[in-house]
Amino acid sequence: MRSSYLFTSESVSEGHPDKVCDRISDEIVDLVYREAAKSKVDPWSVRIACETLATTNRVVIAGEVRLPPSLMKKDKNGKDVINPARFKAAARKAIREIGYEQDGFHWKTAKIDVLLHSQSADIAQGVDNAADRQGDEGAGDQGIMFGYACRETAELMPAPLYYAHRILQLLAAARKKGEGDAGKLGPDAKSQVTVRYVDGKPADVASIVLSTQHLDPNWDSAKVRAVVEPYIREALADLKIADDCSWYINPTGKFVIGGPDGDAGLTGRKIIVDTYGGAAPHGGGAFSGKDTTKVDRSAAYAARYLAKNVVAAGLADRCAIQLAYAIGVAQPLSIYVDLYGTGKVGEDQVEAAIRKVMDLSPSGIRRHLDLNKPIYAKTSAYGHFGRKAGRDGSFSWERLDLVKPLKDALKN
């Protein structure tokens, strides 16, 4: 392991075109779970894989679903079909809350197409029929998922990504409150933070990049920096900004046309922003728009949960966990742990302990983390990890309730 180096991560705001799409897709996941509960439909039967495309005043929602009756309607032949009105309303709500009311992308006037259809029977059998055969639902697809934790921040997240998120979160809050000139910022923004590591630990910030939409066409880069710099310094309060730090604020100049009007967006294109900012491996699967039979989502949450508890238990300073699944098979094909040379115990011991403290079948993960709930819209921006577990059950994978079980498992 190198001890002294520079490492950079980026974040994007909730108004970034791709994040608009992630938000709409996750609002639809929440809608389906919410309607299932209202209709007294078993939430374990919910299935949704929803993709969103957004461009100038246009949103397209597509994917596969298994829906409660309240989201269906009768066509002219008396056949049950998907009712698009509820999905369009969910998309407009998301766009409005993000803050888009511009000519090229407005929550009220954007044309929304709903192209959802019933889940493929071939995919469904991998989950449902597997449960009949083996007593546990099978994974909704094959794939590999990673979880990661480290001691760089209190949230056990990599510092560059944590601070890149924090900058945009503070700016978004100020924009929505209408705080001075920050109220004239637009929803679309990107941040990037380069951290200098000394002896393997974050020492200071070597460069800061921020590009943010602004609604006043007369603002230049200097004006934008004057508006945003106090929020950047607040976000970085726990980490020194180097005296020779390079600042790049709206380096191209004017940024008035933003969001899907400036660049098309698509669900699932910001998977490194969603996870660890490049500090850890990624299996390649996106999270947003998917119910938790899809191990791309649920197993990535479980891997983070386990890695975080390994580090919190003092078993290592850094931990990455890989889980691998096959469609229709309940238990993971493999569990791999890497402690990056920081472990107080062996990786093979941690792998064995993990199997003892948590059932890593899709149904075991959903049960343990209580995932069959409408808790996903808030995950769609500023990262799925390093967040505070909520009373509504959101971010349950950030809890530290496996610390003692892991220690006990290692004793036996």
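In this predicted model, Asp30 is buried, because its relative accessibility of 4% falls under the 20% limit that defines a buried residue. Asp30 belongs to helix α1, which covers residues 17-38. Beyond its neighbours within four places in sequence, Asp30 is in contact with Lys373, Pro374, Ile375, Tyr376 and Ala377. Its relation to Leu168 is another matter: Asp30 and Leu168 lie 138 residues apart along the chain, and their C-alpha atoms are separated by 24 Å.

A second residue to consider is Tyr197, located in strand β10, which comprises residues 185-198. Tyr197 has a relative accessible area of 2% and is therefore buried. When neighbours within four places in sequence are set aside, the contacts of Tyr197 include Ser3, Ser4, Tyr5 and Phe7. Pro202 and Ala203 are also in contact with Tyr197, as are Ala159, Pro160 and Glu152. With Glu152 there is, in addition, a polar contact between the two side chains, at 2.6 Å. Pro158 stands 39 residues from Tyr197 in sequence, and the C-alpha atoms of these two residues are 11 Å apart in space.

The reader may now turn from single residues to a whole strand. Strand β9 consists of residues 143-150 and is mostly covered, with 6 of its 8 residues buried. Which strand pairs with β9, and in what sense? The partner is strand β14, formed by residues 318-325, and the pairing is antiparallel over 8 bridges. One of the residues involved is Tyr148, whose bridge partner in β14 is Ala320. In a regular strand, side chains point alternately to the two faces of the sheet.

Technical notes
Residues numbered from 1 in each chain as written. Predicted model: local features only at pLDDT ≥ 70, side-chain atom pairs only at ≥ 80, totals over all residues. Heavy atoms only, no water. Helix = DSSP H or I, 4+ residues; strand = E, 2+ residues; numbered from the N terminus. Buried < 20%, exposed > 50% of the residue type's maximum accessible area, 1.4 Å probe, protein only. Contact = heavy atoms within 4.5 Å. Polar contact = N/O pair within 3.5 Å; in protein donor to acceptor, adjacent residues only side chain to side chain. Pairing = 2+ DSSP bridges.
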